[in-house]
Amino acid sequence: MTDIDPETLRQIEALAPEARFAHERPLLVLDVDDVLVHFVGPLLRYFEGHGCRLQLQTFRLFGNVFDIETGAAVENDRVSALLDGFFGVQTDWQTPVEGAAQAVATIAGKAEVVLLTAMPHRHRDTRRGFLDRLGLTYPLLTTEMEKGPAIRRLRGLTGRAVAFVDDMPHNLASARRAVEDAHLFHLTADNSLRALLPEPPADATVVMDWQEAGGHIAQALRL
């Protein structure tokens, strides 16, 4: 049984030959939600528009959503349906993270950039169009499984430098397990939520915004 999402693997294999396994260039893999576009803030407002309140006492969705009128906890099936609905209309709610597009464009001049987002595959086309309108035209992969194996596959068989940026510590941990020498960066668009998150891997670099992240990533990739 493979440890990589089969659909993600299909998407990697479908990349243009010049973009797939470009072994001569360093690789930067980027999460999307709360790294390139705001996620938690828009999701809070979307839920409220549907009569629900997300109360982040811990950084998890299920168990933290309550009906505004009754105060009762919202069942997981309804939460899942709301999240799926949000991804369907993401272009109406999400906005770019300040400084992200410019910082990534500078790095892309010398490195391969790939976007790796954890979301249902069926919403990939919507996200693709949205990111294109924001000028983030880099290859986009969706995954419904761990991110680490996809990063390992993207790297290929050579030892080229790899950097990975994500807001979720478990995704950074997955990358560390799959690519032992990857440079990991913990960045979240809403730094007020850091207290709710588990600790990222001990060797991950914590960056507070893209102004700080750009230089650290370039240095890690020796650009």
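Which residue in β4 is the bridge partner of Leu27? In this predicted model, the bridge partner of Leu27 in β4 is Glu112. Leu27 is where strand β1 (residues 27–30) begins, and β1 pairs with β4 in the parallel sense over four bridges. Strand β4 itself spans residues 112–118.

Strand β4 is also joined to strand β5 (residues 140–143). These two strands run parallel and are linked by four bridges. Within this pairing, Ala118 has Thr143 of β5 as its bridge partner. Helix α5 (residues 124–133) completes a β-α-β unit with β4 and β5, and the unit is right-handed. Strand β4 is mostly covered, with six of its seven residues buried.

A second site considered here is His186, which belongs to strand β7 (residues 183–186). The relative accessibility of His186 is 3%, and His186 therefore counts as buried, the cut-off being under 20%. Leaving aside residues up to four places away in sequence, His186 touches Asp166, Asp167, Met168, Pro169 and Leu172, together with Arg194, Leu197, Pro200, Thr205, Val206 and Val207. With one of these residues, Arg194, a polar contact is made from side chain to side chain, at 2.9 Å. Cys52, by comparison, lies 29 Å from His186 in space, C-alpha to C-alpha, and the two residues are 134 residues apart in sequence.

Notes: Residues are numbered from 1 along each chain as its sequence is written. This is a predicted model: local features need pLDDT of at least 70, side-chain atom pairs count only at pLDDT 80 or more; totals for chains, interfaces and linings use all residues. Side-chain values use heavy atoms; hydrogens and water are left out. Buried means under 20% relative accessible area, exposed over 50%, partly exposed in between (1.4 Å probe, protein chains only). Contact means heavy atoms within 4.5 Å. A polar contact is a pair of N or O atoms within 3.5 Å; within protein, one must be able to donate a hydrogen and the other to accept it, and residues adjacent in sequence count only if both atoms are side-chain atoms. Two strands pair if DSSP finds at least two bridges between them. A crossover is right-handed if, with the strands pointing away from the viewer, the path from the first strand over the helix to the second runs clockwise.
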